[in-house]
Structures are given as C-alpha cells and as structure tokens.
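Please open the model in your viewer and keep the selection panel at hand. The stops below follow one another, and each says what to select and what is to be found there.

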Amino acid sequence: MSQTTVQKPIDKILAELKAKGIIAKAESESRGSLEVTKDKIIEIAKIMKELGFDHVIAVTGIDFPEQQKIQVIYHVSSYSVEDLQKIIFAIKTYVDYKDPSLPSLTQIWGSAWTGEKETYEMLGVRFEGHPQLSRLFLPEDFEGVYPLRKDFKIKLEGLFVDKPG
Amino acid sequence: MEVEVVPVQGELNVGPQHPGSGHMRILVKLNGDIVEDCELDVGYVHRAVEKLGENRNYMHLIPLVERPAILDSIHMNMGYVMAVEKILNVDVPERALYLRSFAAEVNRIASHLYGLGILGIFIGHSTAFMWGFGDREVWLQILEALTGARVTNSYIIPGGVRRDLTPSIIEMTKKAIVYMRKKLKDWEKIFLKNPTIMDRLQNVGVMTREQAIEWGAVGPNLRASGVNFDVRKAEPYAAYSKLDFEIPVYKEGDGYARTLVRFEEMEQSMRILEQIIKDIPEGPILADRFLKQIPPIRMKKWVQGQGRIVLPGYYASFRPPRGEAAARVEASRGELFYYVVSDGSPKPYRLRMITPSYRAIYVFKNLCKGARYADIVSIYGSLDYFPPEADR
Amino acid sequence: MIGNLLSLIRFYFFYPSFFVVIIFPGLLFTGILLLTTIWFERKAAARVQMRVGPYYASKKLGGYLQLIADALKFVFSEVIIPAGVNETLFAIAPILLLLVSILPFAVIPVSVIPQSGSVFSIYYHDFYDPNVGYGVLAGIFTCYNLLLILALESIYPIFVIFLAWVTNNRFAIVGAVRETFLSVSYDALILIATLSVAIEYHTLDLAVIVQKGIPGVIVNPIAAFIFIVGMLIGSSRFPFDIVEAETELVIGPYTEYSGFLFVLTMAGSYVGNFIYSLVFVDLFLGGWYPFSGLPGAAIMTFKAVLLLFFSVFLRSVYGRYRIDQALRGSWKYLFPLSLISLITGTLVGYLWL
C-alpha cells in the first residue's frame, strides 16, 4: 500500500519542474526529458543542478538535415542524491545550421567538457564559453566537414562485395 | 629557511610511441618535476563507431561496439543490446538474464586483472603485469567455453544470449574461483602490501568527492572517492536485482584506494558468480518471440541438443519501431551509456556510445595538473584508462 | 726453447696486471658474467611470474644461448644516429661509459699471493704488501685502492650525463637530471659507509681489511646495509630503477641508442653493479679470506656474483620508487643512519679492532 502513497522520484522532479513553469515528461520510471530553446538552456541547467542532477553523462548531437537543424541532448544524472541515481534526464535543444552555437554548460557541469568538445568537432556546434573548444579525436588535418552530419557519407563495401575482374 | 626555486620549464611529448603512453599522446608541460599543464591528445585509435553505427544494421553493430574495448566486450555488448531491446520492447527470459550477469562478472574480473597488470608495469612492477595477464587467462578460458571466443564474444543478442551454460563450464568456474581466491592472497603480499607500490599510489592523484562528481568520474574511480554509485545497484539490469553483493567504497580518492576498490570488486564478482551457479533458473535462453522463428529441425539439433541459438533470419535486418532508448550498464571501468535513436529503418538514426574511459579523459587531464612527472603513469594506471575505449 | 717460451707465456698470462684485469675477474669473465646475469635475471623473473623465460635457443642449457643470440643480433643491427647530434661524440660516449665503469678492476684486490704454492707465487715480491705480509693479487698494487675505486666509480655518473647530453633527447636529459640528483645522494651514502669501515679497520687498503679475518658485516652491519642500498641506486637496480624508468622516460639517458652502442650502455650499469659487489665482498663479506691465490679469487668472485644475482632478482619483487621518494629516503633516513654507522665504526675500531 505504501507504494502508491510514496511519490516516485521522477514524479517529484516533474512536479518541481512544473512549479517553475517548465514542461517535462517522463518516459519511464528512470527516464525523463524536457525540451528547451537555446536561450533558456543555462537557466534550465541551473535549475536542474539545484534539483540534484550533478553530472552530465553524455552530450549528444543529432543532425536533422531536412529541418536544417541539429539537436543537442544533455543526458544528466546524479551521484550525490540517492533517489535520483537511477534517473537519466535528457535536456534537449535545437540549433540552426545558420547559427550552430549554444552557450556552453561547462560552467555548471564540468563533466560536459569532453562531450561538448566532441560535439563541436563532429557536428560543428560551437559552445560559447567552453574553456578549450578544440579538436579532440579527429586528426589535425581533418578539415571542412563534420563527420557526424548526415551529408558526410562514408564509403561502404556492403555485405556482398563483387570481386573485380 | 626560504629556498628559492628556479623554474625549469619544458615540454615533454609523451607518446604516441612511448612505453608509458598507450595509444595516445600526452603533452606535458613541466616545471622541474611538477606537471604544470597536461594535454591529452586522444584519437589515435578512433574508429568512428558512432558514424559506422548509422550505416550498419542493428545486428551488425554488435561486433562493432565491442571492438573499442575488447577486454570488456561483454559489457559493451550488453549495454548496446539493452538499448535495442528497449526500442524493440522485448522481455528477456530469466535464465538469459542470469547468464548475462554471469558472463559480465567473469569479464569484470578479467578486465580488472588486465588493469592491475597495466598499473603494475607502469610503476615498474613487472610481476604484477605478468600475473595480471596470466590470471586473466583463467577467466578468458571460461568465457571461451561459454561464448566461443576469448575476447570478442558477441555473446548477448537482442532477446537473450547465444549459448547456454554447461556443467563443464560450471566446474571450470568453481575451480577458477578457488584458484583466484588463493591467488588474491599472493597478490596482496606482492602488490598491495609492497612498500614501493604503496608509496607510488598513496596520496597520488587524489580526487575528492566533490571533484569526482564535478568531473564526472565513473566506476571504481568514483567509488574510491567516496561516492556510493554503481549502476548495478542504482538501476539494476540483468539479474543483479536478485543477487546479493556489496559495493566497495573508499574515501581516500587516491590511486591506492582505486586499486583497492578493484581488488574488492573481484572478490564481489566471485561471490556473484557463486550465487549465479547456485540459483540459475531453468528455462529458455532466448525470448519466445524469437525462439518461435527458429526452424524446427535446427531447433531440435542446435537449441535443444547443444544449447546454442541459431540466429533466426529476423535478426539480419529487423526494423525496430520509431523511438529512442538510453541504456546503461556498469562496465568494468564504470558506467557505460548508450543512446540509440531509431527512425524505423533497419539502421539506427543515431548511436551514442559513452564509454567509461571516455569520461575518464577529463578526470585524467585534471588529475595530472600539479602531479609529479613520474606520477602521470601511476595516475594513468590507477584510473585504468584504456585509450581505444575512450576513442571508440 | 719451447719450454722456455711456454714459461714466458705463462709468466705474462698469469701476471696479475694482465690476468686480473683482462681474464679473471676482469674483462673476459665480466663479459660472460654479464650474459649469465641477464640470463639469470630473465629466468628468475620468469619463474616468479609464471613464465618460462628464455628457452628455445638451447633447451638443454635452459635457454642460456638465447643471450648469445641476442648479443649477436644487437651487434649486427643497425646503429641509428639521430639527426643533429655530433656523430663522433655520439659513438664515443657509450664506449667511454663502459671504459670508466670497467676501470676499477685495475685496483680491486681479489686475493692474496702466498710466498709459495700458488700459480701467482712468482710475483710475490713484485706485489708484496708490507701491511698484509703477503703479495696482493690486483691489477695495480697500491695501498690506497679503496680511495681509488671510489674515485673511479664516482666519475661514472658524469659520463652518463655526458652521454645524455650528447644524444640531445628530452627524455635522455630528464634521465640525466635524475642521475645527477641520485648520484649525489648514493655517492654520499657509499662514501660514508666505506669511510666508516675504513676508520674501523684503520686503513684504506682493501687487502688489509680482508686479511683482518673479521668480515665487516659483523662489525658494522649498518654500513653494509647502506652500501647495498647505495649500490642498488648507483647501478639503477629495482626498486631504484629511476634513471631508466621505462614507462616514464623510455630508457632514460640511453633512449637514442640502438644496436651495439646500446649494448655498451646497458653493459655499463651491470659492470658497475659487479664492481660494487666486489668491493662489498671485500669490505663486508671477508673477501677471499681464508683462502689465497686463485681459489681465493674464485671464492671472492663467487660471493660477488651471488650479490649481483640478488640485486638483479629484486626486479621481480619491487616496483619503482619516485625520484623524490628515493632522494627523501636517502637523505632523510639513510644519511643519518650512515652517520650512525660512522660513529659505530669509530667506536668499534677504537675499542676492538
């Protein structure tokens, strides 16, 4: 019986976010997400950090060429608050091809450092205010193209390769 | 008495061809013996898993995602399969869950031994290096008997696992546990209690609890800094919710604490293995939905006869529904995160793979600042940083 | 006529200045010992580490010939001289290093010569030491041999630094700086340990110390301990493999060397270790006493070889200390200890010996 009366941690987070006027949704007991515009992202990040989400697991960029947009997702979770340890919250935002820049969240979450660097080199999203926005994985002479954008095609052999001649 | 220190500055380019760098370059800015700044030039073994992931069918990705960390391939495999299963919405039978835990824990011990061996040779202890690799072999043979391959197992498939446990594997595991328990005592004598090792690891690369959280450390490195976090407990997957084990946590946050955490995790893993051997339920090892698709003749010969799954044709190019899934597992080096976005085609729209070593890049970089030059290798080893895993 | 010639050859062959320096335990024996030591090092480490070690080159000899094969391979492999170094100095540096390390053989007394009954007895008068009452079997007879050995050994680090400077490699330079720091500390330790024994026995002549018949390890064990630690640091053995430190500095000062020149650089530290072992045996383990002549030299060398084997075996037990830890250890703990050994030496020497 106590199961029903005790509020699930994810519901609590959603309620608290709702009180601040932020709409978030829960996909399951341990996954939640919210969408923000890029001018609000710092504000939201600060709120999330106050709620107890203290580190960034991943910074993911997804290219949507039809919409001329790149989606940037911060997956955040918590180490210090035990109830939140199982929750991964996704903060989603979009940047345009014309101005692919976002304010960096490294000031709030230091652990976004690696992910933002990688998203910068792989998708060309500039994170304003990142302490060291430079190449991470790619070689120094790799220029002009962003490998994880959909217009960068790689040559595939396929399963069945015709032998020449 | 005031001693005037004359700054002696210089840069050292450690790697990529250096006995202590692994597959990367560490640009070290030195002031005397102190590291002022340290730049990690990673990417020498970058294999573009994420880009290739957008060009391969879901099933073909299984061998790919385990390549970055071949010595931890069960976990790499499991995290990915769990994300795919979430999109597919498959329920995995109980026995398969236990088998996943079994393979994962065997792999964890093997991986920790590898890490300890590397740590040993980094601080000059060649015996630890050889012992680590020698004792690891015992566990790899179990994996080989179970999955058919020593390192790149591809054992876990959506809906279950590929092969069933046999009595001879159980026998091997029991022997291996007895051997390892005996051997861990020797390890303690020659490695953990060795004065040189203690001097090289204690108070070296100290990471406080706050720093560990801020830098996003994972796995044993995080737990050595006093954060009690383990995905197996926080968000139980496979059979971990039914197994009894403890999470070793240390407060010191130095290299020695990280080493101790690994040692104790090996003991806990062996406890888990014993429980699995005792408690593993009977039943199918693949979800019903896929088992039905195996032709009856093959079913009789392979699945019922030898406990091996013959992959039904469905797997070749299945199309999962639209959706996204984020899955994580506790790999040997820490939390491993997968984010898979499906657009309904046979290939993922986006595959995001965040490995524990990837998250250790920032930790490593920060820990090196202010350390002594000789400590770089000891920090490197105690973080169990594995360049191919970080580069993916 | 032929008999005359043979006896002449015999005379020159066994002439101590030639025999001790070139044959035994000098150059020739040291060369063989070097291979044996490396073979033992590998085989013993393999034993500890669940391996087999050298095996295939000669299965019956336990893989001993593997080392000869390795040496041959090194001799015939290309010597790569990096661009921008002075080629003459680059080639000459390792030779100088080995030369300096092997020089002390000339003055280490390895045995005494009795007036009759030994192959060396004919040289009795030429090498007669009035303080001992015997002839002394040594390359060059001098009653200040202890001083000379220490002086020659302390030049060794200078040549290591010279070699590192010549190669113009950053890792080599860092290794040389470490060598500089360490040499100051281990030389101090060895000097004081030796000094305390010298004061104890009231002499600077190793032959006199040995002929006293009381091994130094009994009268001054602290000095013996300090000498061993100093020896381990001085010859870059584990746990003080700080100068070479493979995972940190590639191989320290010798990073740029390849082929035969590399063998020479590596030989230097082993020869240095052997010389320290010989001196240690003379000082603390009773040297050749109570034997004399060739058996005495054999006994003494045997002890030294055991000590050498012990110091290379430490590789499989210990890791590597950091430079600051080694320096702190030697100045904070061992240096005061060595002063205690000095006091012990003075007191015991005054009261007993």
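Begin with chain C of this predicted model, where 3 strands form an open, antiparallel sheet in the order 1-3-2. Select strand 1 (111-113) and strand 2 (128-129) of chain C, which stand at the edges with a single partner strand each, so that one side of each is left without a neighbour in the sheet. Strand 2 of chain C is joined by 2 bridges to strand 3 (residues 134-137) of chain C, and the two run antiparallel. To see one such position, show C:D129, which stands opposite C:Y134 in strand 3 of chain C. Now add helix 13 (residues 293-313) of chain C, which packs on this sheet and touches strand 1 and strand 3 of chain C, its direction making about 175 degrees with that of strand 1 of chain C.

Next, turn to the nonpolar interior. Which residues touch the most other members of the largest nonpolar core? Among its 274 residues they are B:F364, C:V136, C:F227 and C:F280, and the element that gives the most to this core is helix 4 (residues 94-122) of chain B, with 17 residues. Centre the view on C:F280 and display its contacts: leaving aside residues up to four places away in sequence, C:F280 touches C:F227, C:I228, C:M231, C:L285 and C:L307.

Now colour the model by chain and look at where the chains meet. There are 2 pairs of chains in contact, and chains A and B share the most contacts, whereas no contact joins chain A and chain C, whose closest C-alpha atoms lie 24 Å apart.

Stay first with chains B and C, where the contact takes 24 residues from chain B and 23 residues from chain C. On the side of chain B that touches chain C, select helix 4, helix 5 (126-147) and helix 7 (195-201) of chain B, each of which supplies at least two residues. Helix 5 of chain B accounts for the largest share of that side, 5 residues. Coloured by class, the side of chain B that touches chain C shows 11 nonpolar, 9 polar and 4 charged residues.

Move on to chains A and B, where the contact takes 27 residues from chain A and 28 residues from chain B. On the side of chain A that touches chain B, strand 3 (55-64) and helix 4 (112-123) of chain A each supply at least two residues, and strand 3 of chain A gives the most, with 6 residues. The residues of this side of chain A divide into 15 nonpolar, 9 polar and 3 charged.

Keep strand 3 of chain A selected and extend the view to its sheet, an open one of 5 strands in chain A with the order 1-2-5-4-3 and mixed pairing. Strand 1 (24-26) and strand 3 of chain A are the edge strands, each pairing on one side only, and the twist averages 20 degrees from one strand to the next. Within the sheet, 8 bridges join strand 4 (residues 69-77) of chain A to strand 5 (residues 88-96) of chain A, which run antiparallel; in strand 5 of chain A, the bridge partner of A:H75 is A:A90. Helix 4 of chain A packs on the sheet, touching strand 3 and strand 4 of chain A, and its direction makes about 15 degrees with that of strand 3 of chain A.

Finally, select residues 35-155 of chain A, which the UniProt annotation "domain: NADH:ubiquinone oxidoreductase 30kDa subunit", from an unreviewed entry, covers. Over residues 35-155 the chain is 19% helix and 29% strand, and the end C-alpha atoms are 35 Å apart.

Key. Residues numbered from 1 in each chain as written. Chains lettered and ligands numbered in written order. Predicted model: local features only at pLDDT ≥ 70, side-chain atom pairs only at ≥ 80, totals over all residues. Contact = placed C-beta atoms within 7 Å. Helix = DSSP H or I, 4+ residues; strand = E, 2+ residues; numbered from the N terminus. Nonpolar A, V, L, I, M, F, W, Y, C, P; charged D, E, K, R; others polar. Pairing = 2+ DSSP bridges. Axes fitted to C-alpha atoms, helices over the stretch in contact; angles between N-to-C directions. Core = buried A, V, L, I, M, F, W, Y, C linked by C-beta atoms within 7 Å. Buried ≥ 20, exposed ≤ 12 C-beta atoms within 10 Å, placed from the backbone. UniProt positions renumbered as here; feature names shortened; annotations may be inferred.
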